[in-house]
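Here are a few short notes to read beside the model. Keep the structure open and find each part as you go.

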Amino acid sequence: MSAISLQEMARLRVKAISDNDRLRVLGSYERHDGVHISHTGETYINFSTNDYLGLATHPQMIEAAVNATKRFGVGSGASRYVTGNHPLYTQLEARIAAYKRHESSLVFSSGYAANIAVIPALMGKGDVILADKLSHACMIDGAKLSGARLVRFKHNDVADLEAKLINAKATARNVLVLTETIFSMDGDRAPLGDISDVCKTHDAWLMTDDAHGFGVWLDQPKVGDICMGTLSKAAGSFGGYVAASHDVIECIKQTARPLIFSTALPPSVLAASLEALSYISELSSSKSVENSNSFCEIIGIKPTESAIVPLHVGSEADALLASQKLKDKGFWVNAIRPPTVPVGTSRLRFTFSALHTPTMVQALSKALKELGIVAPT
Ligand SMILES: *Cc1c(COP(=O)(O)O)cnc(C)c1O
């Protein structure tokens, strides 16, 4: 069989993606505050950021990062086990453990790194991992890397989870259940209490991904043995974390490859994350969720109880067109397509910041009605 050239293989693969309206474009964006975005010389109101509290551009966060950079330099110079483990790590990990009400925590270079580190550190061949059907790609990647058998349960379906759990327990040594606290592409909450009960009844371990809950879902019940999250969304900084018992964290520390074989985070990032934790610890209400709820009310859909609202609009092409029409009116809202979401569920995904004003939310709702994307009320 004649081989094709590398160039040709690459072109064919990209063409297939493009033919399905799934081509991704790396645009270039600048942000100077929490609610606007600049792209090719135009400024838009940004409804596609995970910076839910506007902390990424908060003056105190900037000051913390700048001060740490001036004192300690830009890069950390080595992995944490070599000479990169700055004392700010210890402070940050203590703050995260306290905030998450776990005994201990460990910070990673990103949330993605945390998931592909933690899951293989705890699970292996002979084990079963049960993951919600809509779990984020990095939980699935972590599960695959672990070598455990991966089984998906129906989204937020506790009965399906229980059936599959009983099945798994019949053969597996250990079973780990994975879910998100708030689902990244749908904005709905997992039934954490019920999931936790089922895990306890059937002697399975539970790990939650709080990437979109941290700093947003404030009165979240503490469930599960392991909680991971990111410092790159509501915390406005960068990095990921896992919180659990001393024993579990120690086990992860000894074996997690993304911890051992990757350079430590810059001190500026750690300092900013510490500042974010102080800010988040003192929050008494979730303004991003209030904005999201008020948007749902105006356009006449059920609130999602998070800062994320999906609006299903048909095909990939329909989603792209709706997103473009909103851009023409000055609103930045990304179209989300497969493989990020299941086939046939392309959508506009709105995210709300604590810094969006009621006027901005009303203007967006009005534009959606004028464009016929939602029904006029
Ligand atoms: C964003 C996200 C992650 C990854 O976090 P990063 O810090 O961006 O790598 C993990 N899980 C979920 C559910 C996410 O949405």
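1. Start with Ala 114. This is a predicted model, and in it Ala 114 has 0% relative accessibility. Buried means under 20%, so Ala 114 counts as buried.

2. Where does Ala 114 lie? Look in helix 5, which covers residues 111-122. Leave aside residues up to four places away in sequence, and Ala 114 touches Phe 108, Met 228 and Tyr 241.

3. Now check a distance. Ala 114 and Thr 230 are 116 residues apart along the chain. Their C-alpha atoms are separated by 8.5 Å.

4. Turn to the sheet. Strands of a sheet pair through backbone hydrogen bonds, and they do so either parallel or antiparallel. Here, 7 strands form an open sheet with mixed pairing. Read across it, and the order is 4-10-9-8-7-5-6.

5. Which strands stand at the edges? They are strand 4 (104-108) and strand 6 (149-153). Each has a single partner strand, so one side of each is left without a neighbour in the sheet. On average, neighbouring strands of this sheet are turned by 20 degrees against each other, direction ignored.

6. Zoom in on one pair. Strand 7 (residues 175-180) runs parallel to its partner, strand 8 (residues 205-209), and 5 bridges join them. Take Leu 176 as an example: its bridge partner in strand 8 is Trp 205.

7. Finish with what lies across this pair. Helix 8, residues 192-201, lies across strand 7 and strand 8. The helix runs at about 155 degrees to strand 8.

Terms used:
Residues are numbered from 1 along each chain as its sequence is written. This is a predicted model: local features need pLDDT of at least 70, side-chain atom pairs count only at pLDDT 80 or more; totals for chains, interfaces and linings use all residues. Side-chain values use heavy atoms; hydrogens and water are left out. Helices (H or I, at least four residues) and strands (E, at least two) are DSSP runs, numbered from the N terminus. Buried means under 20% relative accessible area, exposed over 50%, partly exposed in between (1.4 Å probe, protein chains only). Contact means heavy atoms within 4.5 Å. Two strands pair if DSSP finds at least two bridges between them. Axes are lines fitted to C-alpha atoms, for helices over the stretch in contact, and angles run from 0 to 180 degrees between N-to-C directions.
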